[in-house]
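User: Hello! I would like a close look at a single part of this protein, with some of its surroundings for context.

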Amino acid sequence: MEDLHEHHHVHSTPDADAVQPTFDGLSQLYPALIQVFVVILSGYACGRSGVISELESEGINHFIKRFALPCMLFRAMATLDFSEVNWTLMACVLIAKTVVFFTVLLLTVVVSSRPVKLGRAGIFAITATQSNDFALGYPIVEALYRTTHPELPQYIYLFAPVSLLILNPIGFCLLELEKDWSNKDQKLRRPSSRAGFRTAWNVLKGIVMNPINFMTFIGIAANFAFQRKIPGVLDGVISTFGVAFSASALFYLGLKMVGRVAEFSGFRLVVPVLLILAKLYDFTYR
């Protein structure tokens, strides 16, 4: 069990020029991609054939969001050596995501029809900076750098809070503000300061009560409490839930693709394509 869940701590990242995938890493990339897409296609096949219904797939989704992913993040944060993290790299990721987030936000506000839909702008900005790093990114990065830089995949656990705890709440605030304004449209007046406080409170409560964010905070606290050594029994339980994340997340992704592909045709493809381009810019900018 201990060998199965062996954890590589994050070390200072080498220079960008030195962090290049080797031929061995590239040879490992194709098996990783095959594994990822086989699981996704298996989920799609089960959903398409009706083996797993949409209602049943929601059970998988709840397991992922409330057990598998929170436990995986807890273990990653609890065993991470923060003293060896390259904070310059983290700052660059934060800047890149922030630039993309506000660029998409402003462009959506400018080009959208009146009245301005702040909630839509917030959703688009979140979509442009949010990515499935854990299920899709981690296997690929690990395959490329497993032998040369085994510490790099662990940075994926640190990149996620940039969106979850810093940028996403801005989008959620815009959603709440639009909801408040729409409720007061008939009265033609702006929300009061009390409404603004209620919006901030709802967003803050949503952040804290989210199992993913909550377990991230608890994992950081456990890091200092246990000195990066999780007690054996607890580590076994957490690891068991954590290792179930990747397969279940990819399988659920395939399930959710059923019936969605046909919806995106003609003009409906414009927005997804633009958001994908924004994601590519974010990746390049990093």
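Which residues of α10 are buried?

Analyst: Happy to help. This is a predicted model, in which local features need pLDDT of at least 70 and side-chain atom pairs count only at pLDDT 80 or more, while totals for chains, interfaces and linings use all residues. Residues are numbered from 1 along each chain as its sequence is written, and side-chain values use heavy atoms, with hydrogens and water left out.

The buried residues of α10 are Phe245, Ser248, Ala249, Leu250, Phe251, Tyr252, Gly254 and Leu255. Here buried means under 20% relative accessible area, exposed means over 50%, and partly exposed is in between (1.4 Å probe, protein chains only). Helices (H or I, at least four residues) and strands (E, at least two) are DSSP runs, numbered from the N terminus.

Helix α10 covers residues 245–256, and its 12 residues should span 16 Å at 1.5 Å a residue. Its end C-alpha atoms are 16 Å apart, which agrees. The expected span is 1.5 Å times one less than the number of residues in the helix.

Phe245, one of the buried residues of α10, also belongs to an aromatic group: ring pairs link Phe134, Tyr138, Tyr157 and Phe245 into a cluster. For such pairs, rings of Phe, Tyr and Trp (its six-membered ring) must have their centres within 6.5 Å; planes under 30 degrees apart count as stacked, over 60 as edge-to-face and the rest as tilted. By this rule the count comes to 9 aromatic pairs. In one of them, the ring centres of Phe63 and Phe67 are 6.2 Å apart and the planes are at 20 degrees, so the pair is stacked. Both residues lie in helix α2 (residues 54–78), 4 residues apart, about one turn of the helix. Phe63 counts as partly exposed at 26% relative accessibility, and Phe67 is partly exposed at 41%.

Phe67 also forms a stacked pair with Phe241, with 5.6 Å from centre to centre and 25 degrees between the planes. Because Phe67 lies in helix α2 and Phe241 in helix α9, this pair ties together parts that are 174 residues apart in sequence. Phe241 has 29% relative accessibility and counts as partly exposed.

Going back along the chain, helix α8 (residues 211–225) can be checked by length too. Its 15 residues should span 21 Å at 1.5 Å a residue, and the end C-alpha atoms are 20 Å apart, which agrees. The buried residues of α8 are Ile212, Asn213, Met215, Thr216, Gly219, Ala222 and Asn223. At the N-terminal end, Asn210 acts as a cap of α8, with a side-chain oxygen 2.8 Å from the backbone nitrogen of Ile212.

Next comes the loop between α8 and α9 (232–243), where Gln227 lies. Just after α8, Gln227 takes a positive phi of about 55 degrees, in a residue other than glycine. At 60% relative accessibility, Gln227 counts as exposed. Arg228 is in this loop as well, and has a positive phi of about 65 degrees although it is not a glycine. Arg228 is partly exposed, with a relative accessible area of 29%.

Two further spots may interest you. Asn168 is found in helix α6 (residues 155–183) and is buried, with a relative accessible area of 4%. Leaving aside neighbours within four places in sequence, Asn168 is in contact (heavy atoms within 4.5 Å) with Ile126, Gln130 and Ser163. Ser83, in contrast, is exposed at 64% relative accessible area and sits in the loop between α2 and α3 (87–111). A polar contact of 2.6 Å joins the side chains of Ser83 and Asp81. A polar contact is a pair of N or O atoms within 3.5 Å; within protein, one must be able to donate a hydrogen and the other to accept it, and residues adjacent in sequence count only if both atoms are side-chain atoms.

As for the whole protein, there are 11 helices and 0 strands. Buried residues make up 39% of the 286 residues. Among contacts between residues at least 6 apart in sequence, 86% join residues at least 24 apart.
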